[in-house]
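Subject: Structure handover and notes on side-chain pairs

Dear colleague,

Please find below the structure I promised to pass on to you. My notes on it follow, and I would be glad if you read them with the coordinates open.

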Amino acid sequence: MKRKNYWLLSVSMIFMALIFMGTGCNISSGSSSIPTEEKKHVEATAEWAYLTFEETVEKVDIIIYGTAGERSETKARSGNSGDSPLDYYREIPIQVKKLVKGKDVGDTAIYREYGGETKDTVYSFRDFALLESGKEYVLFLNEQGYPLFPSTIIPVEDGQISTFLAPDSLKESIQEEQESEPTGDVKVILPVQDYITLIQENLG
């Protein structure tokens, strides 16, 4: 079997840079004779600016709770080099169960996923989890449908979320209940409806 080639790109950025991700044209990977697992893999990672829960809720354009559909063919952003995962994206329709924040969002929102697949290369972003069709998520997106940073993609499992993106006051109360010393960030587990209420309370 042909050996896979992996390339790792380090991308320094803050989340605000991501609002410039635009639309482009479709890139067909179906005509390639190279199996996906044998294509060259280019993987990017990044440094992310830290935002509190409150700052994230304030700065984000769209917050939705919904169900992911099937991802589209890879699209390329026009005017870019074409050698970075940030130059490609795929669209995933999100069947909206609850619009928590945003305007002009109908029953279906479009989530844009970094990376994609061309005839000879797979582009991916190490930091971001890939959405799975049929699964539910809470998503914090910019106006073009991109997630702000990795922890703004929150899976919903059995009606609950598990996330680090929560108010510090809630994390502190959890530590107090557990009578534990701070050892790093605290993951919060809540029913999704309670989490949505937390967001709405911070919308003012």
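To begin with the charged side chains, R126 forms a salt bridge with E43, in which the closest N and O atoms are 3.2 Å apart. This pair links distant parts of the chain, since R126 sits in the loop between β9 and β10 whereas E43 belongs to strand β3, 83 residues apart. E43 counts as partly exposed, its relative accessibility being 24%. Please keep in mind throughout that this is a predicted model.

How many salt bridges does a search of the whole structure find? The search finds nine, and besides the one above I describe two here. One of them joins E117 to K39, with 2.8 Å between the closest N and O atoms. Here too distant parts of the chain are linked, because E117 lies in strand β8 (residues 116-117) and K39 in the loop between β2 (24-27) and β3 (40-47), 78 residues apart. As for accessibility, K39 is buried at 1% relative accessibility, and E117 is likewise buried, with a relative accessible area of 14%; both assignments rest on the cut-off of under 20% for a buried residue.

The other salt bridge is formed by the side chains of R90 and E113, at 3.4 Å from N to O. R90 is found in strand β6 (residues 88-101) and E113 in strand β7, so that this pair, too, links distant parts of the chain, 23 residues apart. R90 and E113 are both buried, and salt bridges with shared partners join these two residues and R71 into one network.

Turning to the aromatic rings, the count comes to seven aromatic pairs. Among them is the pair of Y114 and F128, whose ring centres are 4.9 Å apart and whose planes make an angle of 50°, which is classed as tilted. Which parts of the chain does this pair tie together? Y114 lies in strand β7 (residues 108-114) and F128 in the loop between β9 (121-125) and β10 (136-141), so the pair ties together parts that are 14 residues apart in sequence. Both Y114 and F128 are buried, the relative accessibility of F128 being 9%.

F128 also pairs with F125, this time edge-to-face, with 5.5 Å from centre to centre and 85° between the planes. The label follows because an angle over 60 degrees counts as edge-to-face. F125 is buried as well, with a relative accessible area of 6%. Through ring pairs, Y89, Y114, F125, F128 and Y146 are linked into a cluster.

F128 appears once more in the surroundings of I153, a residue of strand β11 (residues 153-157). I153 counts as buried at 9% relative accessibility. If its neighbours within four places in sequence are left aside, I153 is in contact with Y111, F128, A129, L131, Y137, V138, L139 and P147. For a backbone distance in this region, you could look at the C-alpha atoms of I153 and L141, which are separated by 8.9 Å although the two residues are twelve residues apart along the chain.

With best regards

How values were computed:
Residues numbered from 1 in each chain as written. Predicted model: local features only at pLDDT ≥ 70, side-chain atom pairs only at ≥ 80, totals over all residues. Heavy atoms only, no water. Phe/Tyr/Trp six-rings, centres within 6.5 Å; stacked < 30°, edge-to-face > 60°. Helix = DSSP H or I, 4+ residues; strand = E, 2+ residues; numbered from the N terminus. Buried < 20%, exposed > 50% of the residue type's maximum accessible area, 1.4 Å probe, protein only. Contact = heavy atoms within 4.5 Å. Salt bridge = Lys/Arg side-chain N within 4 Å of Asp/Glu carboxyl O.
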